[in-house]
Amino acid sequence: SGRETLWPTLFEILAVIAYLRPRGPALGLCLAATGAALLSKEHALILPLLFASADLLGLSRAPAWEASAWLRRHAPFALLVLGYFGVRQLIFAGEPRPELALLSQPYGPLLSLGYALQVFFAPTRDLVYEPIAAVWISPARLALALAASAAIALGIAARDPAAQRRGLFWLVWFALGLLPTANVFVQDARFDERYVFFSSLGLIALALTALEPLGRARAGRAIATVGLVAGIAAAATVSSQRARSFADLGPEEAYAIT
């Protein structure tokens, strides 16, 4: 799952960076990165929605709202998505269509949201691969994750309008990043940490947006540095602990799991 997650995410991030830059070669780079992301994983279908969100929030170099300008700016991405679906239909013709899961599991998206927040803010030291809800739900960890999310939300709400717009964009990033694997459709695995990988950048950016005022003072920068080092150390400890799960596996077995 590492390779199938890292490459698409790299292309998706590159596409967003290129989109937010001025016109010219950046547009071609954005189209190329979007196409590469689509060919890597259909999760990249969220990219046009991210681009539109950046325009609406005034974070891109898009011109003032005008229907013709909007169409010219987004038509290439619409054509790219249509082309993707055309190629997909040719390759996977006859395959079963996605089955809606909301009718039998209406709380699936809400559980996906809770899972994403819990594994980001309060991960377990042991590897828990593709768990069912009864395995991963922890009232204490979930409460900690919700409290951290609320603190970040309050921090952004206290910022200036420009920071709030950035925060809203990263919130959209987080939500759209989860959407393709949010149990809207039936999935082989309902929950897995690789589903949270792309969205986690949105959570990191939201936290940094809320904490940005700390960087204006020396004491605040010191606190932020200590917090960053502590976070990296905690993440390294979790990774080291989980690596033991693969210690006795051969290459083929390890690849089957990852």
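Does Glu-130 count as buried, partly exposed or exposed, and at what relative accessibility? At 31% relative accessibility, Glu-130 counts as partly exposed, where buried means under 20% relative accessible area, exposed over 50% and partly exposed in between, with a 1.4 Å probe and protein chains only. The structure is a predicted model, in which local features need pLDDT of at least 70 and side-chain atom pairs count only at pLDDT 80 or more, while totals for chains, interfaces and linings use all residues. Residues are numbered from 1 along each chain as its sequence is written, and side-chain values use heavy atoms, with hydrogens and water left out.

Glu-130 belongs to the loop between H5 and helix H6 (133–136), helices being DSSP runs of H or I with at least four residues, numbered from the N terminus. Its backbone has a positive phi of about 45°, although Glu-130 is not a glycine. Most residues other than glycine have a negative phi. Asn-183, in the loop between helix H8 (161–178) and helix H9 (197–211), is another residue other than glycine with a positive phi, here near 60°. At 1% relative accessibility, however, Asn-183 counts as buried.

A further positive phi, of about 70°, is found at Gly-58, just after H3. Helix H3 itself (residues 47–56) is mostly covered, with 7 of its 10 residues buried, and these are Leu-47, Leu-50, Phe-51, Ala-52, Ser-53, Ala-54 and Asp-55.

On the surface, Val-87, Leu-90, Ile-91 and Phe-92 make a nonpolar patch of about 440 Å²; such patches are made of residues with over 30% relative accessible area and no salt bridge (a side-chain nitrogen of Lys or Arg within 4 Å of a carboxyl oxygen of Asp or Glu), with nonpolar side chains (Val, Leu, Ile, Met, Phe, Trp, Tyr) joined within 5 Å and like charges within 9 Å. Accessible areas come from the Shrake-Rupley method with a 1.4 Å probe. Phe-92 sits in the loop between helix H4 (67–91) and helix H5 (108–121) and is partly exposed, at a relative accessible area of 43%.

Turning to the interior, the count comes to 1 cavity of 30 Å³ or more, a cavity being a set of points on a 1 Å grid where a 1.4 Å probe fits but cannot get out. The largest cavity has a volume of about 60 Å³, and among its lining residues (those with an atom within 4 Å of a point) are Ser-112, Tyr-115, Arg-190 and Asp-192. The lining divides into 6 nonpolar, 2 polar and 2 charged residues.

Technical notes: On a 1 Å grid over the protein atoms alone, a cavity is a set of points where a 1.4 Å probe fits but cannot get out, and a pocket is an open set with protein on both sides within 12 Å along at least five of seven lines; lining residues have an atom within 4 Å of a point. Grid points are joined across faces, edges and corners, and a volume is the space filled by probe spheres set on the points. Ala, Val, Leu, Ile, Met, Phe, Trp, Tyr, Cys and Pro count as nonpolar, Asp, Glu, Lys and Arg as charged, and the others, Gly among them, as polar. Helices (H or I, at least four residues) and strands (E, at least two) are DSSP runs, numbered from the N terminus.
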